[in-house]
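Here are a few exercises to work through with the model open beside you. Try each one before you read the solution.

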Amino acid sequence: MIEIDGLSMELSSFALYNINLSVRNGEFFTLLGPTGAGKTLILEAIAGVSPINGGCICLDGRDVTRLPPEKRGVGIVYQDYALFPHLSVKENVVYGLRYRKIDPEESSDWVDWLVERLGIRSLLNRFPPTLSGGEKQRVALARALAVRPSLLLLDEPLSALDPNFREEIRELLKKLHRELKITFLMVTHDFSEALFLSERSAIINNGRIEQVGPISDVFNKPSSPFVAEFVGMKNVFRAGFNGARALLDDLELHLSRPPDGHKDYIAIRPEDVLIGVESSSPGNANVFHGELCERIDRGLYLEVSIRRGNLLFKAVLTKRDLFERNLQERTEVRVSIDPSAIHVF
Ligand SMILES: Nc1ncnc2c1ncn2[C@@H]1O[C@H](COP(=O)(O)OP(=O)(O)OP(=O)(O)O)[C@@H](O)[C@H]1O
């Protein structure tokens with residue numbers, strides 16, 4: 001269990017402000033946010049490798065704020081593997097045992113299990129520079145777990161891998177977490193990774209936590225414009241509200257129900273902005289016309305913008321849609337949005 005209370009860190013050009021976080025025992029938790037948000041610094045504060053200016057960090061009920069890294073019971077895996085190039089795979093794996101004064105004899109069954117489980121037995125006498133990215137990350141995982149940490153910290157462990165290895169290591173992390181039942185805290189900027197792996201997540205923006213909660217809540221119920229955009233709700237608008245209606249300039253959108261309490265924004269996923277097709281709930285769908293003004297080719301699909309007065313809506317279309325329906329730029333299109341697709345916060 002991790003309890004972070006009022007953590008702050010001040011650097012020359014960046015600061016972490018009043019970070020409060022509670023991660024349960026055995027949980028797979030992600031710190032999610034854009035590059036430069038401060039995710040790695042939080043991980044480093046927990047590991048004890050970056051000095052903090054205030055607050056305290058408890059691991060499994062122990063205040064570790066002033067303990068050196070090797071006394072915190074934490075394993076860490078880095079994006080760039082950070083293996084020792086001059087040591088063999090075997091020496092890398094057992095490196096932490098000597099450093100933390102753990103008897104290698106007592107740990108031999110455990111290390112043997114890890115070597116087998118991570119599929120690195122045939123690599124034991126090789127040296128890191130001769131390994132593929134996926135192999136390096138398996139070795140880095142074995143090294144971090146060899147000291148039997150109660151908490152595994154993972155700093156973007158998938159982002160340096162090419163897509164094939166990324167999927168393989170992602171699956172491995174999920175299975176390892178289930179088998180080992182220890183707490184995993186992973187930093188990532190990739191929402192789909194967090195969605196696949198973690199139960200709960202904290203969204204970090206510019207040194208602050210924007211939202212914490214079950215990953216499905218973060219995805220479906222973002223609580224700020226930043227989180228809404230981060231999870232792919234590309235249509236975020238400031239709005240006024242009147243009962244079960246949102247007022248955007250001169251456009252009125254029906255909501256599925258009146259908002260609870262004071263709200264300032266609505267957000268809609270681009271895939272819920274339907275162009276030229278009937279809504280699944282025609283009785284109360286929001287229907288309006290706008291001009292198709294931009295098409296961006298995203299490979300498998302096209303992102304299009306539709307202008308309606310001062311409002312710009314983003315939608316997605318397949319290439320087939322676009323050509324079959326001859327949707328050219330500057331044509332007028334009919335847009336429909338189901339009230340249940342409008343998220344209010
Ligand atoms: N030792 C340091 N001294 C000064 N600034 C630092 C130091 N370490 C990190 N920073 C700055 O703090 C900010 C947050 O860094 P951090 O590595 O935590 O970001 P991140 O969210 O992990 O991003 P990324 O996904 O790119 O790794 C960045 O602007 C970085 O340049």
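## Exercise 1: A strand with two partners

Strand 17 and strand 18 (residues 302-308) are joined by 6 bridges and run antiparallel. This is a predicted model, so keep that in mind throughout.

**Task.** Find which residue in strand 18 is the bridge partner of I296, and what sits between strand 17 and strand 18 in their hairpin. Then look at how strand 17 pairs with strand 20.

**Solution.**
- Step 1: Start at I296 and go across to strand 18, where its bridge partner is E303.
- Step 2: Follow the chain round the turn. The hairpin has 4 residues between strand 17 and strand 18, and G299 in the turn has a positive phi of about 90°.
- Step 3: Now turn to strand 20 (residues 332-337), which pairs with strand 17 (residues 286-297) over 6 bridges, again in the antiparallel sense.
- Step 4: For a check on the register there, take N286, whose bridge partner in strand 20 is I337.

## Exercise 2: An open sheet and its edges

**Task.** Work out the order of the strands in the open sheet that contains strands 12, 13 and 14, and say which strands stand at the edges.

**Solution.**
- Step 1: The sheet has 3 strands in the order 12-13-14, with antiparallel pairing.
- Step 2: Strand 12 (240-242) and strand 14 (251-254) each have a single partner strand, so they stand at the edges and one side of each has no neighbour in the sheet.
- Step 3: On average, neighbouring strands of this sheet are turned by 30° against each other, direction ignored.
- Step 4: Zoom in on strand 12 and strand 13 (residues 245-248), which are antiparallel and joined by 3 bridges. Here G240 has L247 in strand 13 as its bridge partner.

## Exercise 3: Positive phi outside glycine

Some background first: most residues other than glycine have a negative phi.

**Task.** Look at D249 and A82. Is D249 buried or exposed, and where does A82 lie?

**Solution.**
- Step 1: D249 lies in the loop between strand 13 and strand 14, and its phi is near 45°, a positive value in a residue other than glycine.
- Step 2: Count the neighbours of D249. There are 12 other C-beta atoms within 10 Å, so D249 is exposed, given that exposed means 12 or fewer.
- Step 3: A82 lies in the loop between strand 6 (74-77) and helix 2. Its phi is near 50°, also positive in a residue other than glycine.
- Step 4: A82 has 15 C-beta neighbours inside 10 Å, so A82 counts as partly exposed.

## Exercise 4: Strand 4 and its neighbours

**Task.** Trace how strand 4 pairs with strand 1 and with strand 5.

**Solution.**
- Step 1: Strand 1 (residues 2-10) runs antiparallel to strand 4 (residues 54-59), and 5 bridges join them. One place to look is I4, whose bridge partner in strand 4 is I57.
- Step 2: Strand 4 also runs antiparallel to strand 5 (residues 62-63), with 2 bridges. Here C58 has D63 as its bridge partner.
- Step 3: The hairpin of strand 4 and strand 5 has 2 residues between the strands, and D60 takes a positive phi near 50° in this hairpin.

## Exercise 5: Helix 1 and the ligand

**Task.** How many residues surround the ligand, and which element gives the largest share of that shell?

**Solution.**
- Step 1: The ligand is surrounded by 14 residues, with F14, T35, K39, T40 and L41 the closest.
- Step 2: The largest share, 3 residues, comes from helix 1 (residues 39-47).
- Step 3: By class, the shell has 5 nonpolar, 8 polar and 1 charged.
- Step 4: Go back to helix 1 itself, where the buried residues are K39, L41, I42, L43, A45 and I46. Just after helix 1 comes G48, with a positive phi of about 85°.

## Exercise 6: Two helices packed together

**Task.** Describe how helix 2 packs against helix 3.

**Solution.**
- Step 1: Helix 2 (residues 89-99) and helix 3 (residues 104-117) pack at an angle of about 150°, and their axes are 11 Å apart.
- Step 2: The crossing of helix 2 and helix 3 is right-handed.
- Step 3: From helix 2, V93, V94 and L97 meet P104, S107, V111 and V115 in helix 3. That contact has 6 nonpolar, 1 polar and no charged residues.

Conventions:
Residues are numbered from 1 along each chain as its sequence is written. This is a predicted model: local features need pLDDT of at least 70, side-chain atom pairs count only at pLDDT 80 or more; totals for chains, interfaces and linings use all residues. A residue is near a molecule or strand if its C-beta atom, placed from the backbone, lies within 6 Å of it. Ala, Val, Leu, Ile, Met, Phe, Trp, Tyr, Cys and Pro count as nonpolar, Asp, Glu, Lys and Arg as charged, and the others, Gly among them, as polar. Two strands pair if DSSP finds at least two bridges between them. Axes are lines fitted to C-alpha atoms, for helices over the stretch in contact, and angles run from 0 to 180 degrees between N-to-C directions. A crossing is left-handed if the near helix is turned anticlockwise from the far one by less than a right angle, and right-handed if clockwise. Two residues are in contact if their C-beta atoms, placed from the backbone, lie within 7 Å. A residue is buried if 20 or more other C-beta atoms lie within 10 Å of its own, exposed if 12 or fewer, and partly exposed in between; C-beta atoms are placed from the backbone.
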